[in-house]
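Reader: Some of the labels attached to this model need a reason behind them. Please set each value against its rule and conclude.

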Amino acid sequence: MKPQCAVGRLCLNAVIWLTAVLWLLPILVALWVAIHPAAEQGSFTLFAPLTLQNFIDAWHAAPFARYFLNTILLVLMIVVCQLVLATMAAYALVRFRLKYSGVLFALILLQLMISPDVLILNNYKTIGAL
């Protein structure tokens, strides 16, 4: 193994670890704030008292059980509808000889490649118009 290769690999590993720590830093700060009382959240002292009261307060601040149920129902309905519609579309594309089936398949793939974030502004405009 060449010496410059070992130095390059060491530098690359250092950059990777530094990037990982920087990426993890906001998560660690959020965890720190979550498990410490409000008076101790900004001090970052090592032996600050720990508490789970923040989780209890957050749980009582909103009806999270209802939110979870709503989310589960919404996701189940979307998955069932998508499964039925996608299965029917796939069956039609494979079994029937359509004139523009290649173009139709390309349009379906193109729609899958568009990020939902691109469409969010139009969704807000539609909701605002309603």
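Reader: Which helix gives the most to the lining of the largest pocket?

Author: In this predicted model, helix 3 gives the most, with seven residues. Helix 3 spans 64-95, and helix 4, spanning 101-113, also supplies at least two residues of that lining.

Reader: What makes a residue part of the lining of the largest pocket?

Author: A lining residue has an atom within 4 Å of a pocket point. Among the residues that line the largest pocket are Cys81, Leu85, Leu93, Phe105 and Leu112. The volume of this pocket is about 250 Å³.

Reader: How do the lining residues divide into nonpolar, polar and charged?

Author: Nine are nonpolar, two are polar and none is charged. Gln82 and Gln111 belong to the lining, and Gln counts as polar because it is in neither the nonpolar nor the charged list.

Reader: Why is the pair of Phe64 and Tyr67 called edge-to-face?

Author: The count of aromatic pairs comes to five. Phe64 and Tyr67 form one of them, at 5.9 Å centre to centre with 85° between the planes. The centres lie within 6.5 Å and the angle is over 60 degrees, so the rings of Phe64 and Tyr67 pair and the label is edge-to-face. Both residues lie in helix 3, three residues apart, about one turn of the helix.

Reader: Why are Phe64 and Tyr67 called partly exposed?

Author: Buried means under 20% and exposed means over 50%. Phe64 has 26% relative accessibility, so Phe64 falls in between and is partly exposed. Tyr67 has 42%, so the same label, partly exposed, applies to Tyr67.

Reader: What makes Tyr91 and Phe96 an edge-to-face pair?

Author: Their rings are 6.1 Å apart centre to centre, with 90° between the planes. The distance is within 6.5 Å and the angle is over 60 degrees, so both conditions are met. Phe96 is partly exposed because its 47% relative accessibility lies between the two limits.

Reader: Which residues do ring pairs link into a cluster?

Author: The cluster holds Trp59, Phe64, Tyr67 and Phe68.

Reader: How many disulfides does a search of the whole structure find?

Author: Zero. A disulfide needs a pair of cysteine sulfur atoms within 2.5 Å, so the result is that no such pair was found.

Reader: Are Cys11 and Cys81 buried, exposed or partly exposed?

Author: Cys11 has a relative accessible area of 47%, which is not over 50%, so Cys11 is partly exposed. Cys81 is also at 47% and therefore counts as partly exposed.

Terms used. Residues are numbered from 1 along each chain as its sequence is written. This is a predicted model: local features need pLDDT of at least 70, side-chain atom pairs count only at pLDDT 80 or more; totals for chains, interfaces and linings use all residues. Side-chain values use heavy atoms; hydrogens and water are left out. On a 1 Å grid over the protein atoms alone, a cavity is a set of points where a 1.4 Å probe fits but cannot get out, and a pocket is an open set with protein on both sides within 12 Å along at least five of seven lines; lining residues have an atom within 4 Å of a point. Grid points are joined across faces, edges and corners, and a volume is the space filled by probe spheres set on the points. Helices (H or I, at least four residues) and strands (E, at least two) are DSSP runs, numbered from the N terminus. Rings of Phe, Tyr and Trp (its six-membered ring) pair if their centres lie within 6.5 Å; planes under 30 degrees apart count as stacked, over 60 as edge-to-face and the rest as tilted. Buried means under 20% relative accessible area, exposed over 50%, partly exposed in between (1.4 Å probe, protein chains only).
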